[in-house]
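Open the model in your viewer and keep the sequence panel beside it. This tour starts at the ligand and then stops at single residues.

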Amino acid sequence: MTTGAMLRILDRADKEVMKLTRADIGAVYEFMHKFRNNPDNPGLKLKSLNGDSRLMSARVNRDYRALLLHIADRDYLLVAVKHRGEVYDDLSRYAYRINRVTGGIEVVDLAPVGDSIVGRVVPPEAEPTPTQKPLFDAYSDAQLLELGVSEPLLPQIRELTTEAELLELLDRAPQLTTDVLFALFDGKPYEEVLQQVTEPVRADEPVDLEDFAAAVQRPATQVTSDDEALQAIIGEAFERWQIFLHPTQRKLVERGYNGPARVGGGPGTGKTIVALHRVAHLARHLPPGTDKPILLTTFNRNLAADLRTRLLALGGQELVARVDIINIDRLASRVVTEAKAGANRNVVSDNQVPDLWGEFLLETGASGWDADFLAAEWTQVILGQVLNSRAEYFKARRPNRGRSLTRMERDQIWQLTERFTSWLEARGVWTWRQVAQRAARLEMDRAAESGESSGGFRRPRYRHVVVDEAQDLSAAHWKMLRAMVPPGPDDLFLTGDTHQRIYDNHVTLGSLGINIRGRSSRLTLSYRTTRQILADALQIMTGEVYDDLDGGEEDLAGYRSLLRGARPVFHGAATWTQEQDLIVTHLRSWGNPVDGSLAICVPTRELAADVLSRVEAEGLPAVEIGPDGPKQPDGIHVGTMHRFKGLEYQRMIIAGVSDGLVPRQVISRYRDSDPKRYQRERQRDRSLLFVAATRPRDELAVFWHGTPSPFLTSRLVQREAT
Ligand SMILES: Nc1ncnc2c1ncn2[C@@H]1O[C@H](COP(=O)(O)OP(=O)(O)OP(=O)(O)O)[C@@H](O)[C@H]1O
């Protein structure tokens, strides 16, 4: 006979536990351990409360009682840990239900809560509500329930008249209730909330309101059954994302896909978290082995290093051992080296391509074409589309290239590029794009070989490929990845946000053999930034149109946050020197934090060097952010905008956001000669600013000197005066 029991912890209970003293958390851990071994242990005093068949209490220690929900035979859910006085005081205050929309278990404490607030260290701004009209008067009960609002909370929701009351209530409301009420409070129309907030978490099958055993398994019941979670809490070695996913996130992680799938969504919505959990999910279903059938890749080196650290935190060495984690260019380079296809050549940065073309034209006396034009044509069309022959180039589509080319012109360009690549080879160099193109070709040949011979002459490289920061990969990268994994269920899983594209790679996945139609989803809830920062960051994106990686358009509709904080500060100075004074004054007003929680971001290396010296001159430790991230964890971090992808800070100053710097002055030369390129470069600079503005969690200050950047709307700039 088994004496043990299953004991899961509800997300909300876990939050309560974390507020206890270390000794009491330890007691909860002990309790859980004992309970799992034998819930009938008399010391635990497990008993039903007030004749209620499901709600039970058990003894944690002298002061605390665990409130448990009996799910099925020997299956329990820890829903709260309360002081013993509270548990027996008034049981009618606890309500539990299966939500009819999500099918998840919800437990609510209906008692008024004292001083809880949603948010972080920064006090919310006073936003007085002018009238005392109930906040949700415009919606009927039926409408709120249709949106998935918790039924037992309805009477209290009806009473709410101020934002402060709303915040207090939502601090203890179930996730969907919080998401929905915030969206309505923000003025989002009912239909939009239904589509963007409720639909993504709706249960896949009809919900039986009495079947708790089924309900506890659904993504909407945010639980962990993991003993290590509590142990980690005690050791303070734990982050919430490792254990509690938002129901929308969990659904995307656990779903079976019939082919390539893509998850989009604004900054900080947990796309990387979803990618990591997806890897763990796929790994759980692998047959035992010592190989690495899962590839986890991203754009650059420091992002790949970060993925490795986080995957290790999520699943330990056992998980990491089954996953090949590598940034995309290194992967391409590995393929090429393995095939001995690029022996002895040094890889040079793609930024050098226009200069190299310039040198080549000068040296060879070839005329008729401009170096910039040839560099872009070669990079974007010939290498970008992995074109291998003149015939292929004759047929190639040249989207976004502006000027059209005759057949004769294409012939000339093809010949020039052939000469150019030989010229590069003679110098012993090639570019990252060339490496990617070569790797793609090698992998496509390899895939064709393995397909030809029956049973597969060569084994496919991977069983699953997971890509983070998908917006920045080039067509050649995609062709390589496509060839590395056989088409089929759960082959490719991509996460990314085209609003954050900071390298000049525009692709249509469908044309590259990666069909994501019908398997594209979006996350909309930011876990990183406050609503105040988000609103201003979104202003920066005003008027720009973004693609969905597949020929369509994508927007940030529904993008929101439940966190709140101070409004970002916008401030101009007359000169760069005066702007640096502004930086110093602002650092002081924030108490000069040197623990690595604050960063200063600027558009150019020159400005970064100036800021580093200025901060040091103030006697503060300044730390440069290099290609592998900050060189030290503490100090005041300083870096250019490109370096901020993948980083997070509590507070940030973005300085030098001036006209001529953001966007870069140099791109204005394309305004007339190549308007499409001009648009693309401008969009890229806008995205860089957007990425930077969405890195801080709590506070943001944006400075400029002279005329502010055109990306700062007049509403933001005028904020300066207020
Ligand atoms: N379910 C969750 N619970 C707690 N924290 C979460 C959760 N999901 C995401 N986060 C936190 O939100 C922050 C942003 O997550 P993540 O980096 O995955 O977002 P992203 O969408 O990839 O962002 P970006 O597009 O800006 O790179 C991280 O600090 C992460 O730990």
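Here a residue is near a molecule if its C-beta atom, placed from the backbone, lies within 6 Å of it. The model is predicted.

**Stop 1: the shell.** Select the ligand and expand to the residues around it. There are 21 of them. Which come nearest? P267, G270, K271, T272 and Y527 do. Now colour the shell by residue class. You get six nonpolar, nine polar and six charged residues.

**Stop 2: helix α12.** Select residues 271-284, which form helix α12. This helix gives the largest share of the shell, three residues.

**Stop 3: the annotated stretch.** Select G265, G266, P267, G268, T269, G270, K271 and T272. The UniProt annotation "binding site", from an unreviewed entry, covers these residues.

**Stop 4: G266.** Zoom in on G266, in the loop between β9 (261-265) and α12. Is G266 buried or exposed? It counts as buried because it has 29 C-beta neighbours inside 10 Å, and the cut-off for buried is 20 or more. Show its contacts next, leaving out residues up to four places away in sequence: D497, H499, T524, S526, L556 and Y559.

**Stop 5: P267.** Move to P267, which also lies in the loop between β9 and α12. P267 is buried, since 21 other C-beta atoms lie within 10 Å. With residues up to four places away in sequence again left out, P267 touches D497, Q500, S526, R528, V691 and T694.

**Stop 6: shared contacts.** Finish on D497 and S526. Both touch G266, and both touch P267.

Technical notes:
Residues numbered from 1 in each chain as written. Predicted model: local features only at pLDDT ≥ 70, side-chain atom pairs only at ≥ 80, totals over all residues. Helix = DSSP H or I, 4+ residues; strand = E, 2+ residues; numbered from the N terminus. Nonpolar A, V, L, I, M, F, W, Y, C, P; charged D, E, K, R; others polar. UniProt positions renumbered as here; feature names shortened; annotations may be inferred. Buried ≥ 20, exposed ≤ 12 C-beta atoms within 10 Å, placed from the backbone. Contact = placed C-beta atoms within 7 Å.
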